[in-house]
Amino acid sequence: MTRMLFAAVAALIPLATAQRIGSIPEIHPQLETWRCSTKNGCVKHNTSVVLDALSHPLHAVGNASVSCGTWDGGLSKELCATKESCAKNCVLDGVDYASHGVQTKGDSLILHQYQKSNGVVSAVSPRVYLLDESGKNYDMLQLLNQEISFDVELSSLVCGMNGALYLSEMLQSGGRNKLNPAGAQYGTGYCDAQCGSSPWINGVANVDSLGACCNEMDLWEANARSTALTPHACNVTRLYTCDGDDCGSRGVCDKSGCGFNPYALGDKDYYGYDMTVDTKKRFTVNGKVIHNAVAEVSGSEVDSITEGLCENSASYFQKMGGLKQMGNALRRGMVLIFSIWNDSGQFMSWLDSGSAGPCNNTEGNPALIQAQHPETSVTFSNIRWGDIGSTYAHKKN
């Protein structure tokens with residue numbers, strides 16, 4: 001077994017997000033994390049997680065049965081004709097985390113893709129963000145020249161699933177302002193390099209159909225069959241003004257990224273069931289460090305994301321500023337995000353099938369996963385970050 005260590009270098013149900021704070025309280029699941037230094041060791045912090053605002057009910061003032069969103073993820077034309085009217089007419093309530101597939105225990109976070117209620121199984125696909133000890137703002141991780149490590153158990157994540165741990169350059173407050181008093185406490189402010197046109201940006205009604213774009217560092221996207229590590233750079237900081245799907249073509253963010261997937265790079269026996277990294281087991285600290293897969297790129301061997309790798313395989317990432325831009329975002333501070341999801345459009349083929357992994361092109365169908373593997377889940381635990389060399393044992397076999 002090995003501990004996952006990174007030197008710093010989704011699909012959600014269409015509910016709603018933030019305006020006024022409602023009467024149902026928001027109770028955040030507590031999650032122990034550690035900040036580490038070579039001088040003082042690792043110190044435990046009593047942090048917590050918050051579900052993305054899209055998983056919170058947003059409804060008309062005084063009438064919980066009238067949603068401020070639409071069935072297809074849009075805005076109610078009656079309640080949200082303008083940003084100001086939406087803030088006036090709508091309230092955001094707290095949510096039951098267990099019913100949305102989120103559990104914590106000590107330093108462990110368990111995310112379930114499906115929940116069963118009254119005999120019916122439905123997808124919940126939770127995405128949660130790490131809050132600081134106050135519970136009011138996101139914990140901003142500044143990981144330039146730092147490291148982050150964690151344990152992960154994903155043996156039940158079959159082909160087509162993605163249990164992710166990543167960073168996005170969201171605002172620390174979640175965009176809290178006069179039209180969005182809820183802010184990070186209710187999970188507002190999501191952005192990433194895919195520049196999705198959410199009905200809400202920083203908790204304010206997105207009446208202009210803009211994109212929510214920012215730098216994204218995918219530290220861990222994986223199921224039990226395949227894994228990828230991918231930075232996505234944007235050529236501006238925290239941009240929220242591109243026009244929906246046109247963001248990439250206008251030179252805002254690099255959606256594809258400069259990825260390191262061992263299988264795609266030629267090492268097909270490195271990661272998976274009974275392989276060098278055995279995904280039947282929880283990856284954990286036990287004194288053994290397994291070296292990363294080694295791939296040959298343009299005649300040179302690489303075992304990490306380097307300038308050479310990106311120049312050879314990710315020209316658009318380079319155009320967006322490449323590793324320098326990603327490093328600037330890590331220096332400024334980014335929000336730690338955890339999610340579990342599957343993909344009805346591409347069946348997660350970019351991660352685990354074809355040249356990317358051993359799965360076939362149909363077994364990632366969410367309908368098959370729901371029918372055959374409703375128990376699928378991922379557990380992240382023992383999350384630590386700090387000085388390089390401070391978060392894990394330094395023994396090697």
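Cys159 and Cys359 are joined by a disulfide with an S to S distance of 2.0 Å, a disulfide being a pair of cysteine sulfur atoms within 2.5 Å. The model is a predicted one: local features need pLDDT of at least 70 and side-chain atom pairs count only at pLDDT 80 or more, while totals for chains, interfaces and linings use all residues. Residues are numbered from 1 along each chain as its sequence is written, and side-chain values use heavy atoms, with hydrogens and water left out.

Back to the pair. The link of Cys159 and Cys359 is left-handed, with -75° about the S-S bond. Cys159 sits in the loop between β14 (146-153) and β15 (161-168), and Cys359 in the loop between α5 (349-352) and α6 (366-372), so the disulfide ties together parts that are 200 residues apart in sequence. For these labels, helices (H or I, at least four residues) and strands (E, at least two) are DSSP runs, numbered from the N terminus. Both cysteines, Cys159 and Cys359, are buried, meaning under 20% relative accessible area, where exposed is over 50% and partly exposed is in between (1.4 Å probe, protein chains only).

By the sulfur rule, the count is eight disulfides. I will take two others.

Cys191 and Cys214 form a disulfide with their sulfur atoms 2.1 Å apart, and 95° about the S-S bond makes the link right-handed. This pair also connects distant parts of the chain, 23 residues apart: Cys191 is in the loop between β15 and β16 (200-201), Cys214 in the loop between β17 (204-205) and β18 (216-222). Cys191 counts as buried because its relative accessibility is 1%; for Cys214, also buried, the value is 0%.

Then Cys36 and Cys42, a disulfide with the sulfur atoms 2.0 Å apart. Their link is right-handed, at 105° about the S-S bond. Cys36 is buried at 6% relative accessibility, whereas Cys42 has a relative accessible area of 28% and is therefore partly exposed.

Last item, an aspartate. Asp278 is in strand β21 (residues 277-278). What is the nearest side chain of opposite charge to Asp278? That is Lys281, 4.2 Å away, and Asp278 is buried yet has no salt bridge. A salt bridge here needs a side-chain nitrogen of Lys or Arg within 4 Å of a carboxyl oxygen of Asp or Glu. The side chain of Asp278 does reach backbone: the nitrogen of Asp274 at 2.8 Å, and the nitrogen of Lys280 is 3.1 Å from a polar atom of that side chain. Beyond neighbours within four places in sequence, Asp278 is in contact (heavy atoms within 4.5 Å) with Gly272, Tyr273 and Phe283.

How values were computed:
Lys, Arg positive; Asp, Glu negative; His and termini not counted. Polar contact = N/O pair within 3.5 Å; in protein donor to acceptor, adjacent residues only side chain to side chain.
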